[in-house]
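This report describes selected local features of a predicted model. The sequence and the structure are shown below.

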Amino acid sequence: MRIGGCQRRRRWGAMGPNVLDFIQEFSKPFYLYQNFMVWTWAPFWYYYMAIVNTVVRLTGGFVVAFFQYGSDLDLYRLMVMEGTADVVREGEVVTVDQTDVVPGDIVRLRPGAANFDMCIVQSKRVLVDESALTGEVHPIAKIPLDPADSHRTYHPKTHKSSTISAGTTILECGEGQNIEDADLAIVTQTGSFTAKGELLCDVLSYERHKFKFDTEVQLILFILCVEAAVLLSVVFSVLKDHWCYSWFYAMFVVGTVLPPLLPTVFVVSVGISCKRLQRKRITCTDSRGILVAGKVRKAFFDKTGTLTKQGINFVSALEGEELNNLTASKNNAESSYVCQNEIDIELQIGLSVCHTLSLSADGELVGAAVDRMGFSAVPNSQLLDENTVSFDGEKIEYLEKFEFDHHTMTQSVIIRHDNNVTVYVKGAPEAIGKLCIPSSLPSHFEAKARQSARDGIYQLAMATATFNVNKSMNEVTREDIEKELSFAGFINFQNAMNEDTPAVIQSLREGNVSSAMITGDNVLTGIYIAKQAGLIEPKKSVIIANHIRNDTIEWVNASDDSPAESPSPSTLEYFCHDRALAMTGEVWNYLLKYDPKSALEYAKHTHVFGRTTPNDKVSIVSTFVEIGEITLMCGDGGNDCGALKAAHVGISLSDAEASVVAPFTSLDKTISSVTEVLKEGRCALASALAAYKYMIMYGQVESINQVVNAYLSITFTEWCWVFMDGIWTITMAFSLPLAEAAKKLSSKRPTASLLGPHTLMSACGILATNFLFLVIALLALWGQDWFQCRKWDSEDVSDVTTIGDNYETSVIFIVTGYQYISSAAAYNFGYTFRANWFRNYVFIFFFVLWTVFHFTATLTATKFSCIWRLNCDNENAVRFVTSTEPEAIYNNFNTTVMPMSFRVVLLVLMIVNLIAICSWDYFVVNMALPKVGPKMGMAEDSQHVKSGEGTLEAELN
């Protein structure tokens, strides 16, 4: 019962402390480039721009760090394990820090979080909440290891009922202080080797599914580097000054071609959507999955507790004779299954004993809903403890229990009642039917069971037998007792549909996301719920791939089990025009093993997968993942855990705030969280691309400006640079992703391609338009009769304080400076993925503010316009960024004031420029291109994907 100190230290050295830790890499190559560019600004008069660029980089870094910190904090809350443990050492109970606990330690259980994996060796009553680890909504009772199993090797799955996993919460346990009276457990795993640790390792090692932009961004950077090299040589050729100045000026151009905030836009967009989901009580343990949610095209749902409400209603328990007299009413099927008489005594005993219920400290029943509702239907039964039930005043003793098995679809118990030892078995009707003596089954047993399922009844069958196995109770297996049974009756339940399920399914259909159900229940029950939920259109007939007989799939009509035409995989598109497919787990496994190509084709058109095990659910989801379909799985945890993790996007309906069941957890346990995640995913993806295009546009506009300035031997004044490189860029780039998600899902998915036709037409069209208006503005200036070109000596060119006061600089700044603002406005259009452009209130505020500033500076000749040296004379001159006194105008005219008529021309040019680029992006790129693109072979969101390597990248374009 204890381990020595030497052995304990050895185990501590091998396993490490009982903590979960991770290392965050903070250094990234792009920061080296950013630091170098800051250094290039410092040596000349541009040291103020070094300060501005430092602020820009720090702002970007802090924003990214803020969102990254939020994501890491969520992970930390999952990882953190603090506290102490009561450990039996040297025959006494001592309190130690939980980090000092090692495998093999005997610990005394106490209420609170479990920080290590344990198996119970001594207890009276232990109640555990596993929702944070498995999503199980009900508390679970745990029992000590059976001494009779001492010859068997412990395994957490085999001995699940005796295992307490790290990450779960002990709700109730014994309060004994002495070793003899306390609830004790032996530690089996600590740290990252625990069940929670392994799940967290999966989270931390998770590599986000690759988008097309993940590979394209490298090509984009290469193109920008080539452009930077070309512009660098151009600057050297046009600047007639010392090579040192030419070098630094050229590096300034390079620094704008590769914008410093470029890497931040995706992190910021994802972080904003993650925060919005949290406000809607949807937690996210891995925010990287939000972008993937923007491309989901296939959604899978569990039935019970997801499409239907969490609870289940008891309808009736019918024995064989009552079953034979059953006639279903099409108008009200449920009423046909209601008990007219008292429940048969055999069924009452079966309902009272065949379950896995236990009692909480306050006497409440704890266990699966179906067990609780069935037990509560017998008014004269009472659960006394884990081993005894009182029925009609008589005690019934448990001799052995076998929990529900997903493969056999049964659970069983051996009891002693009135000195008789009896077996009761409960499970799926088709499973029980195979275990029963044929003569004990009512006539048309299978047909009646299937009709019940067809009427939406969740049905279990009960069977019984006298125990006559010639073995000691410790040696009895479920195979020994689950045979040659006598049928006792049917137990009928019904799930109520969630009120918001039909609306969610309809929203997904409108959003071009196909939906399917994966359930462990009868496929006919699944079809009934699917029709109510809208997964299957009411007018469509349903055919089921029901069984495998003689290596042939048996297809039947769901309405009456009559043989149906076998659909050919090659003609499914036409075949399923007015029909829907359903399939059992048995058929799915057969197809996947012997005809995987047909399995894939059938699966794409299957709306209901019934009688599936947890492994079947994983298999179905994983198959869609492998062929390139971006998948979503929504379930309430429990037997959905594997499928939730296999899908690209897993959404668990659980009230466990710190859960590792799935990347997303709906704390309100509502299916509407599915549409919320998809809307935010599409919004984040569209916002990230919008911000990315803006940063590229900013770099292109400014690099063109700088080359033009170098050619004309002019430059912007100090405050112009501060606004262009600092204030406008930061406020526009970081307010663009603040757009809310659209209210409903669009029939299109946003592009994830940086080089696709949508992105290229948007960016190149706006860039070309902006350049055109710059040329028009300069031509208009040079055509003015009052314009005179100022000449400089070559020695003056490097003196930036003397070459900024001229009309060319004023016109270029007025027209292209507003393009920093107007381009952001064009990219702010949400179209169908984000809310209306005017609902991005922060962006609109900055847009209006900078527009008023810019138009005022353009039209007036005041101290305000002199901040940028626009329409300025010596009377209104103000100080530079780097000066302490007002600076006079440095030109022969002592003024940069332009005639009012020409200022109006510039104002009109800016307004027309704004209208032109907004019209291009809204009407041409967002509205016309999706309609004409597919006809021209430019579809970016193909409806079908082929299996094979690279399909995921093609799908995530």
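## Charges over aromatic rings

Lys401 is positioned over the face of Tyr398, at 4.2 Å from the ring centre. A second such arrangement involves an arginine: Arg579 lies over the face of Phe575, and here the distance from the ring centre is 3.8 Å.

## Aromatic pairs

The predicted model contains 31 aromatic pairs. One of them joins Phe445 and Phe487, whose ring centres are 5.4 Å apart with 80° between the planes, an edge-to-face arrangement. Phe445 belongs to helix H15 (residues 445–454) and Phe487 to strand S22 (residues 486–494), so this contact ties together parts that are 42 residues apart in sequence. Phe445 has a relative accessible area of 8% and is therefore buried, the limit being under 20%. Phe487 is likewise buried, at 11% relative accessibility.

A further pair is formed by Phe787 and Tyr807. Their ring centres are 6.5 Å apart and their planes stand at 65°; because an angle over 60 degrees counts as edge-to-face, the pair is placed in that class. Phe787 is located in the loop between helix H26 (757–782) and helix H27 (807–827), whereas Tyr807 lies in helix H27 itself, so the pair links parts separated by 20 residues in sequence. Both Phe787 and Tyr807 are buried.

## The ten-stranded sheet

An open sheet of 10 strands with mixed pairing follows the order S11-S30-S29-S28-S12-S23-S27-S26-S24-S25. At its edges stand strand S11 (282–284) and strand S25 (552–557); each has a single partner strand, so one side of each is left without a neighbour in the sheet. From one strand to the next, the twist averages 20°.

Within this sheet order, S29 and S28 are listed side by side. Strand S28 (residues 631–635) and strand S29 (residues 649–653) run parallel and are joined by 4 bridges. Gly635 has Ser652, in S29, as its bridge partner.

## Gly642 in helix H23

Gly642 is found in helix H23, which comprises residues 641–646. With a relative accessible area of 34%, Gly642 is partly exposed, because this value falls between the 20% limit for buried and the 50% limit for exposed residues. Along the chain, Gly642 and Asp616 are 26 residues apart, and their C-alpha atoms are separated by 9.7 Å.

How values were computed. Residues numbered from 1 in each chain as written. Predicted model: local features only at pLDDT ≥ 70, side-chain atom pairs only at ≥ 80, totals over all residues. Heavy atoms only, no water. Phe/Tyr/Trp six-rings, centres within 6.5 Å; stacked < 30°, edge-to-face > 60°. Helix = DSSP H or I, 4+ residues; strand = E, 2+ residues; numbered from the N terminus. Buried < 20%, exposed > 50% of the residue type's maximum accessible area, 1.4 Å probe, protein only. Lys NZ or Arg CZ within 6 Å of the ring centre and 35° of its normal. Pairing = 2+ DSSP bridges. Axes fitted to C-alpha atoms, helices over the stretch in contact; angles between N-to-C directions.
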